[in-house]
Amino acid sequence: MLYREAGDFKTSYASDNQTFPIRFDRYAYWVVMAVAFLVLPMVMNDYWANSIVVPFMIYVIAALGLNILIGYTGLLSLGTAAFMAVGAYATFKLTTAFPAMPIYLVFLLSGLVTSAVGVLFGLPSLKIKGFYLAVATLAAQFFLIWLFTRYGWFFNYSSTGQISMPERSMFGVTITGATASSTAVYFTCLIFTVAMAWLARNLTRGQMGRTWMAIRDMDIAAEIIGVNPLIAKLSSFAVSSFFVGVAGALMFGVYLGAVEAGEAFGINKSFLVLFMVIIGGLGSILGSFLGAAFLVVLPVLLKILLVDNLGWPADLARHLEIMIIGALIIVVLIAEPHGMAALWRTVKEKLRLWPFPH
Amino acid sequence: MKMTTFAALLAATTGLAAPAVAQDLHFPMLNYRTGPFAPGGIPFADGYQDYLTLINERDGGIGGLPIRMSECETAYNTERGVECYESIRGDNPLILQPLSTGITYQLIPRVTADGVPLHTMGYGRTSAMEGETFPWVFNYPANYWDGASVAINYLLSQNGDSLDGKKIVLLYHNSAYGREPIPTLESLAASNGFELVLIPVDSPGQEQSSQWLQIRRERPDYVIMWGWGVMNAVAIQEAANIRFPMDHFIGIWWSGSENDVVPVGAGADGYTALTFHGVGRDYPVYDDIQTYVVDRGMAAGNGDQIGSAVYSRGLYAAMLAVEAARTAQELAGHAQITAAEMRNGMEHLSITEERLTELGLPNFSAPFDVNCQNHGGGGAAMMQQWDADTQTWSLITDWIQSDRTLIGELATADAAAYATENNITPGCL
């Protein structure tokens, strides 16, 4: 019904290798882009932009980063939130030290700083894997947060240890700070999300992504066919941390505005991003989007439905929300252990064959 | 796919529901009745809501206009706090009281840009007492630096006006909240000649054995605690375990609720804490709350917190908000006040003993005035002590004044730094 495959033939290598091999998906992609860039900014109010769409996009970037590490390279990490904190604190230090630096450049440089830190903490992955690596990255989580709350240099010796984002603008438009318009914030996040998703998609289907997947599927076999595990694992850590760092920088810079390492980037946040990746689908770009939507957007929608539309008490709704999200996680994982992206893949297969399933 | 349809539907319904222009005063409540800090959040929320309900039921609102309450659950989480703020800021909120220092730091720039008064009573950013730099933020009647100073003044009075050579430990929640008193205590340590030892406890603070081992090693004369939530009860339990003299263990007002001492049982007997308002149910206002709120079945929550220490604080916060709204109505000359008029009312708030008696809260609070320069009130506090046999807090001192000269200097310096960082020209609105 949705997919009309007749006439969808591939005549060249390029067309066979494209990101969206099915014509309908290509159209859908352009429609989504048009809606995101042209329609949504027109129709969306501030509340939707600032408290639903912006955090969703930031978590998408973080989930993409973690997905590269876990889903594509098979390296388990529990230090995501700490790497986000690195991005946030790098943004703070860079922008307070060089106020004239364009803020987008600051976000990208923060990603690079996080990359370097990620490689450092990725070194143990050369020796250990699986749950043991998870424990090593857990050390990163605790060590980095301790560092950011302990040493005054990181928060410019403010008396409370909080870092606050100063107001920064680009091309005369205020991007960060309280006076930034929701449209500016939305477009900043959108540009970064689209660019990062594009980068992730193209990295993972290129040579680099294939070496990562070779390591994931069987590292010894990969080594025998000529994949250098040192380069593959560390590049995965570097790219993953870059994504996570940019997510942290955006979370601090344009979304929260003031951050405290222990509260905003605690172990809970590491788990949250990990669950996004697992529920969304390991090794899938779409999965990162679905997982972030499930764990960031759905709770807010439930709150709007229960509290604002049905008028239930806020605490009851919050408890119900925890139960509903918990139950849905179990339902999704029973229905499809490989995540929501795999669920969608099955649905798509069925739709493509419909109405002649045999 | 189903999810997106659902989202689209919701978007359509909520997008269409435009805020109604009604004749009422909107007092949003950013509560936390869930999460690890709920034991502190619930009594405060109950006290706040019950007092507003009382005003609605007994007086028909403020100046004839009913108070409209809306509740948003923050779970003491900054991201949820921001989400809550975004959801109410278009709905004419008159006053925000988030009961969280972390959320306060998020909200200070936002409320300043949007023009919504923020009242952080006994928490938040201390230097916000400098009203010229923080025109939209208020932290009367007392702040953390007052708390630190009052605690030291109390200890001075206990030790013949000298703390020379004494050793005092600050056991603090390792967050913006807990780190807040450090500059004041360091400065007081230098001027009074005592040694200050800083011992942080990471949130939420269920595990403190290493900290208390360190306290045993340090052998301090006094321990001052800046804790919240589960951290308080754990610390008091650990102190009881090492037989630390309880009357040498002083908590800030957020570490002085029933929930903190009851779990420790007899071991907590004699524990002292600061408070900037009276304790217990022996105030005439509680009779009205019984008649107009509880007996009508309108009590907030389970109704089992009435009269507890943090409930009293929630009630006090609501009382100050109502009084500020009343002042604002008088100044504006009409009942339907805006947020800007509410801010003006808060800036001209004057709490006198006569007014407190009229409100059924005689001697509940120290009288204080707010003005454009000083958003921090008077800064006096009392000491309360826990009696484990009768399960009550009792006040053991009269009002102790904080060292406002020193605090003023520190706050001016901090506010000036904030003003330069954020390009603010201090001045009265």
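In the predicted model, strand E5 (residues 167-173) of chain B pairs with strand E7(B) in the parallel sense, and 5 bridges connect the two. Within E7(B), Met225(B) lies opposite Leu171(B). E7(B) is also joined to strand E8 (residues 249-251) of chain B, again in parallel orientation, through 3 bridges. Here Val223(B) is positioned opposite Phe249(B) of E8(B).

The connection between E7(B) and E8(B) involves helix H9 (residues 230-241) of chain B; together, the three elements form a right-handed β-α-β unit.

The environment of E7(B) was examined residue by residue. Strand E7 spans residues 222-226 of chain B, and 5 of its 5 residues are buried, so the strand is largely enclosed by the rest of the structure. Burial extends to both faces of E7(B). One side presents Tyr222(B), Ile224(B) and Trp226(B), while Val223(B) and Met225(B) occupy the other, and all of these residues are buried. Val223(B), buried on its face of the strand, is thus described both by its surroundings and by its position opposite Phe249(B); Met225(B), on that side as well, stands opposite Leu171(B).

In chain A, a helix-helix contact was characterised. Helix H5 (residues 103-122) of chain A packs against helix H10 (residues 229-256) of chain A at an angle of about 135°, and their axes are 6 Å apart. The angle therefore makes H5(A) oblique to H10(A). The two helices cross in a right-handed manner. The residues of this contact comprise 13 nonpolar, 10 polar and 1 charged.

Technical notes:
Residues are numbered from 1 along each chain as its sequence is written. Chains are lettered from A and ligands numbered from 1 in the order in which they are written. This is a predicted model: local features need pLDDT of at least 70, side-chain atom pairs count only at pLDDT 80 or more; totals for chains, interfaces and linings use all residues. A residue is buried if 20 or more other C-beta atoms lie within 10 Å of its own, exposed if 12 or fewer, and partly exposed in between; C-beta atoms are placed from the backbone. Helices (H or I, at least four residues) and strands (E, at least two) are DSSP runs, numbered from the N terminus. Two strands pair if DSSP finds at least two bridges between them. A crossover is right-handed if, with the strands pointing away from the viewer, the path from the first strand over the helix to the second runs clockwise. Axes are lines fitted to C-alpha atoms, for helices over the stretch in contact, and angles run from 0 to 180 degrees between N-to-C directions. Angles under 35 degrees count as roughly parallel, over 145 as roughly antiparallel, 65 to 115 as roughly perpendicular and the rest as oblique. A crossing is left-handed if the near helix is turned anticlockwise from the far one by less than a right angle, and right-handed if clockwise. Ala, Val, Leu, Ile, Met, Phe, Trp, Tyr, Cys and Pro count as nonpolar, Asp, Glu, Lys and Arg as charged, and the others, Gly among them, as polar.
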